[in-house]
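Student: I would like a close look at a single part of this model, namely the helix that gives the largest share of the side of chain B that touches chain A. Please describe that part with care and then set it within its chain and beside the partner chain.

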Amino acid sequence: MLKYANPTFFLRLVAAALPWLWGATVLTLCAGLYMTFLVAPADYQQGETVRIMYIHVPAAWLSMFIYTVMTLSALGTLVWRHPLADASQQAAAPLGAGFTFICLVTGSLWGKPMWGTWWVWDARLTSVLVLFLIYLGLIALWNTIEEPLKAARAAAILTLVGVVNIPIIKFSVDWWNTLHQPASVLRMGGPAIHPTMLWPLLVMAVGASLLFLCLHLMGVRNEILRRRLRRMSYLAAEAADHVLEPQPEARA
Amino acid sequence: MKAFAALFSRELRLANRAGGGGAMGVVFFLILVTIVPFAIGPDLNLLARIGPAILWIAALLSTLLGLDRLFLSDHEDGSLDLLEMADTPLEVVVLVKCLAHWAVTGLPLVLAAPLFGLMLALEGDALWGVTASLLAGTPALTFIGAIGAALTVSLRRGGLLMAILVLPFTVPVLIFGVSAAAAASGGTVPFLTPFLILCALSLASMALAPFAAAAALRSGG
């Protein structure tokens with residue numbers, strides 16, 4: 001772990017691994033989309049619109065997974081002061097917000113033909129909306145506090161406070177009477193979904209996770225470069241200060 | 001214990017001297033309760049049905065606006081640094097400050113709620129139900145809000161950001177508060193169920209929020 005704390009080493013690692021990761025992402029997503037449109041069967045009740053599920057469900061899984069990644073990074077910041085943990089948190093927040101947004105929008109588009117409504121205030125949709133608001137709050141916090149170290153610690157605290165929402169989202173369909181369907185994949189007793197639908201779902205989930213991994217690594221890399229730029233601009237300003245400042249003797 | 005009492009009385013005295021804290025919160029509460037019928041229309045039946053919700057939202061927003069003064073003045077004159085360096089743990093300091101803050105801003109809202117509830121055509125059981133739910137729930141609002149106040153204490157115009165950070169976490173308090181208030185006037189849900197959950201939320205936030213807020217104060221200000 002300590003070896004990876006060196007930003008330069010991390011940058012070299014990312015530069016070497018990223019093309020392969022992008023390749024794997026594109027392959028998996030292409031396979032997943034192929035399976036979604038050409039292999040998976042249409043639902044007997046919902047017809048072709050069920051194919052939204054293959055985007056909606058991976059996006060939902062990823063929105064919670066990314067928050068977990070952010071929580072672990074937050075622990076890295078607060079407990080171990082790992083230098084890359086700050087950048088990892090900061091890079092993950094917009095990605096999490098994006099996937100949550102995709103989840104909410106695709107769910108809404110699916111709900112209109114299925115349930116007859118764009119939105120309903122049941123436990124699952126409300127708690128995911130709260131997750132989206134927490135992501136937006138974190139992004140706002142990152143953008144408002146200028147000093148990167150302070151911002152990282154403040155965001156870490158807020159992330160840890162908000163992690164209580166994740167089990168609420170997961171179990172909301174079990175604890176409350178909701179319009180959203182109950183858990184079908186990750187539940188006691190195994191998946192309740194047929195393999196012809198389960199496999200495309202899992203492939204899309206893996207593809208989406210790889211996409212997140214690529215974007216996240218790029219985000220962390222960009223954040224490291226951004227901080228170097230910030231440091232360099234400070235040093236340049238300081239150097240210019242020495243040049244422009246009149247000599248003390250010349251005043252008086 | 002002496003430190004506890006000393007800090008508590010300091011907060012109360014400062015709030016009285018600075019003036020307006022509790023009273024302004026109640027006035028803002030009144031203004032919100034006044035504005036809503038202008039937007040919704042004066043239909044008393046409708047107002048009575050959503051009265052508890054209006055009172056709860058108004059209490060939430062009044063608390064939110066009052067949270068600015070929880071840490072800001074201490075941060076500006078340096079007392080917060082002194083409190084951080086004191087022997088008393090920062091978590092206890094935050095606990096006492098929040099309790100005093102609730103006594104000055106939250107409690108007046110609770111006392112004013114029956115009066116404003118009458119303006120919204122609430123009566124009898126509904127009135128006492130909403131007052132009881134506010135009494136049990138406003139401490140949770142203050143303590144959860146303290147986390148946001150601590151996170152944004154060093155920002156100059158952090159008011160809106162604090163609201164964005166705090167509001168998602170106050171949603172459960174709002175849900176159970178309105179549920180308890182509505183259950184008091186009859187219906188299928190017994191009053192005690194959401195009321196006890198509301199008490200639990202308050203007690204849990206009293207126990208846990210000081211830790212988060214103290215961590216935020218240490219890392220930020």
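Tutor: What follows begins with the helix itself and then moves outward to the contact between the chains, to chain B and to chain A.

The model is a predicted one, and every value below is computed from it. The helix you ask about is H8(B), which contributes six residues to the side of chain B that touches chain A, the largest share of that side. H8(B) has 26 residues, and the distance from its first C-alpha to its last is 35 Å, close to the 38 Å expected at 1.5 Å a residue. The helix is nevertheless not straight along its whole course, for it bends by about 40 degrees at B:Thr170, and a proline, B:Pro172, follows within four residues of that point. Just after H8(B) has ended, the backbone at B:Gly186 takes a positive phi of about 100 degrees.

Turning to the contact between the chains, 14 residues of chain B are in contact with 14 residues of chain A. H8 (159-184) does not supply the chain B side alone, since helix H7 (125-151) and helix H9 (192-219) of chain B also each supply at least two residues. Sorted by class, the residues on this side of chain B are twelve nonpolar and two polar, with no charged residue among them.

Chain B as a whole is built from nine helices and zero strands. Its C-alpha trace spans about 55 × 35 × 30 Å along the principal axes, and its radius of gyration of 18 Å agrees with the value near 17 Å that a compact globule of 221 residues would have. Of those 221 residues, 49% count as buried, and among the contacts in chain B with a separation of 6 or more, 81% are between residues 24 or more positions apart. The largest nonpolar core has 124 residues, and those touching the most other members are B:Leu55, B:Ala146, B:Ile147, B:Ala150, B:Ala213 and B:Ala216. One of them, B:Ala150, can be followed further: leaving aside neighbours within four places in sequence, B:Ala150 is in contact with B:Phe71, B:Ala213, B:Ala216, B:Leu217 and B:Gly220.

The partner, chain A, has seven helices and zero strands, and its radius of gyration is 23 Å, well over the 18 Å that the globule rule gives for 252 residues, so chain A is more spread out than a compact globule. The box filled by the C-alpha atoms of chain A is roughly 90 × 40 × 30 Å along the principal axes. In chain A, 33% of the 252 residues count as buried, while residues 24 or more positions apart account for 76% of the contacts with a separation of 6 or more.

A:Ile224 serves as a local example from chain A, and it is found in helix H7 (residues 195-244) of that chain. A:Ile224 counts as buried because it has 20 C-beta neighbours inside 10 Å. Apart from neighbours within four places in sequence, A:Ile224 is in contact with A:Pro7, A:Leu11 and A:Ala87. Between A:Ile224 and A:Ala59, by comparison, the C-alpha to C-alpha distance is 27 Å, with 165 residues separating them in sequence.

Note on methods: Residues numbered from 1 in each chain as written. Chains lettered and ligands numbered in written order. Predicted model: local features only at pLDDT ≥ 70, side-chain atom pairs only at ≥ 80, totals over all residues. Contact = placed C-beta atoms within 7 Å. Nonpolar A, V, L, I, M, F, W, Y, C, P; charged D, E, K, R; others polar. Rg over C-alpha atoms; globule rule 2.2 N^0.38 Å. Buried ≥ 20, exposed ≤ 12 C-beta atoms within 10 Å, placed from the backbone. Core = buried A, V, L, I, M, F, W, Y, C linked by C-beta atoms within 7 Å. Expected span 1.5 Å × (residues − 1). Bend = angle between axes of the 7 residues up to and from the residue.
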